[in-house]
Amino acid sequence: AIAFAERDWVVVADLQNRTGEPLLDDSLDMALRIGMEQSQHVNLVAENQIDRALQRMQRPNQPIDRQLATELALREGARAVILPTVADVGGRIRVSLEVIDPQSGVTVFSESADGRGLDSVLGSLDTALVAVRAKLGETVSATQASQPLEEVTTSNLEALKAFSLGIRARSEGRVAEAVSLYEEAVRLDPAFSMAWLRLAFQRYVAQDAEGTRRYLDKALQHGANLTQRERIFLEGAEATLSRPDVAVEKFRMLGSLYPDDYRAHYNFAYFAHFDLLQPAQARELISLAEAPQNPNRSSAAYLGGVLDLTMNDYASAIVQFDRADSFGLSGLRLEQIHTYLALRRYADVARVAGLQGSAGSPAADLLGRAHEVTVPLDRGRWDAASAAMQTLTKAAQSSDATLLSRTSTNTMGLLMRAYAPDASFAGDLRSAADALPGQLATADLLLARHLLFQSSAMAWAAAYTGDVALARELVGLAEGHPLMEAYPANAAMQQLALAEMDLASGN
């Protein structure tokens with residue numbers, strides 16, 4: 001027997017498909033992983049982590065057979081290997097799960113179940129999985145609490161295959177392809193809640209709260225078709241649109257129940273910081289997402305650096321950003337740039353700016369270019385900063401920029417111009433203020449939250465330049481809105497505007 005302790009790690013080898021039915025290749029692999037992820041006893045080594053290990057071994061994209069899976073388990077510290085097989089045996093389809101001790105390479109035990117036809121495969125896999133989990137030490141009550149794979153995934157193997165391929169495409173950065181595959185999955189099975197949830201996530205990244213809400217509603221409509229883990233994640237995701245306090249508690253709960261769910265730790269830290277302005281609480285948990293088994297370890301390390309920067313610990317922030325680099329960081333590096341900027345280390349500012357990549361979203365990429373303005377501004381080069389701000393404002397008018405990125409960039413420009421108002425400043429500020437009520441009337445939750453912040457920011461700019469009447473008008477537009485109190489940054493910006501109005505009035 002394997003001396004398997006709670007939360008030990010397992011490597012899953014590629015499915016050995018001996019039926020000649022290609023539909024089973026990706027779909028059954030995905031179903032097996034989802035089934036194992038229902039366990040609070042067993043941790044699976046993530047596919048991204050396996051890919052990175054293969055790169056280090058100079059064997060990328062090699063099929064993970066019994067021997068390679070055993071090698072990977074030894075390298076990654078996993079206690080067991082599961083080798084799944086599906087075969088046609090006497091006219092019946094048999095699903096087998098062989099559990100291998102990587103230390104000896106010996107099969108410790110094997111569980112299997114038979115059925116007739118492809119429709120039986122998920123049920124047979126369920127039966128074999130429950131037996132394996134029990135022999136690895138999981139309690140009977142825990143295995144019985146797991147939901148059948150046909151319910152938490154889909155009984156449509158073509159939909160499951162599309163979903164599996166979508167997960168792979170997303171992990172490799174092929175976002176548009178992943179979305180198309182998720183859409184194909186829900187077309188084949190409109191009740192496939194897990195696929196709707198992935199679509200909702202992609203719309204959130206694209207700053208589309210209306211699309212996020214639409215897909216979340218679809219996922220909620222079929223919420224019974226989710227594992228406990230995915231259901232809690234869905235509840236947290238839904239709350240991010242307007243109830244950040246609820247969202248962070250859901251993610252905290254998810255991380256407590258499933259410590260290997262690094263999404264939970266990361267999302268708790270992300271929303272606790274950016275939505276609730278609680279960097280100290282976020283810093284406590286983000287370290288849990290920096291575990292070697294997390295395929296997105298670089299993002300977790302980077303967020304740790306962001307939190308250290310927020311708390312003015314520049315030395316620790318630099319250490320964190322360097323760690324993120326060592327883990328293969330890609331994408332935006334605005335906070336890393338600003339850390340060096342705060343220390344006046346301009347050579348490092350230029351070096352890191354040259355490393356910055358894309359976030360995969362035009363809107364995020366646009367705001368990630370803020371250093372083009374802040375660096376010359378910090379160095380006292382007003383004309384260069386002003387020209388850079390005009391370039392960003394013009395870029396925000398492009399067809400692929402969201403209304404959120406356009407209004408955010410425009411507001412940034414107005415705030416900067418408030419320090420040295422030109423002849424057209426007052427008219428431009430008035431025009432932006434006049435557009436806000438109409439924008440708010442049709443805005444989704446995500447856009448509305450930021451428009452309210454912009455309203456208070458423009459109120460500050462108006463008061464700072466002596467137009468207290470316009471400032472009062474803009475403060476009134478946001479006053480009492482539920483999203484003002486839900487998001488501390490909104491409430492704080494309003495306080496700054498009110499304080500500036502008092503100063504302008506001689507109070």
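Let's start with a strand pair. S5, residues 92-101, and S6, residues 106-115, run antiparallel and pair over nine bridges. Keep in mind that this is a predicted model. The two strands make a hairpin, with four residues between them. Look at Gly105 in that turn: its phi is positive, about 75°.

Now pick one residue in this hairpin, Leu97. Which residue of S6 is its bridge partner? That is Glu111. Glu111 also appears among the contacts of Leu97 once neighbours within four places in sequence are set aside. Phe109 and Ser110 are on that list too. So are Ile82, Leu83 and Pro84. The rest are Leu32, Leu125, Ala128, Leu129 and Val132.

Next, the cores. The largest nonpolar core holds 88 residues. Which residues have the most contacts inside it? Leu97 is one of them, together with Val10, Val99, Leu125, Phe163 and Phe192. Helix H1, residues 23-37, gives this core its largest share, eight residues. There is a second core, separate, with 31 residues. Its members include Leu447, Ala457, Ala459 and Met501.

Last stop, Ser455. It sits in helix H24, residues 445-464. Buried or exposed? Ser455 is buried, because its relative accessibility is 0% and the cut-off for buried is under 20%. What does Ser455 touch, beyond neighbours within four places in sequence? Its contacts are Leu436, Leu474, Leu477 and Ala478.

To recap: Leu97 bridges to Glu111 in S6, and Leu97 is among the residues with the most contacts in the 88-residue core. Ser455, in H24, is buried at 0%.

Technical notes. Residues are numbered from 1 along each chain as its sequence is written. This is a predicted model: local features need pLDDT of at least 70, side-chain atom pairs count only at pLDDT 80 or more; totals for chains, interfaces and linings use all residues. Side-chain values use heavy atoms; hydrogens and water are left out. Two strands pair if DSSP finds at least two bridges between them. Buried means under 20% relative accessible area, exposed over 50%, partly exposed in between (1.4 Å probe, protein chains only). Contact means heavy atoms within 4.5 Å. A nonpolar core is a set of buried Ala, Val, Leu, Ile, Met, Phe, Trp, Tyr and Cys residues joined through side-chain atoms within 4.5 Å.
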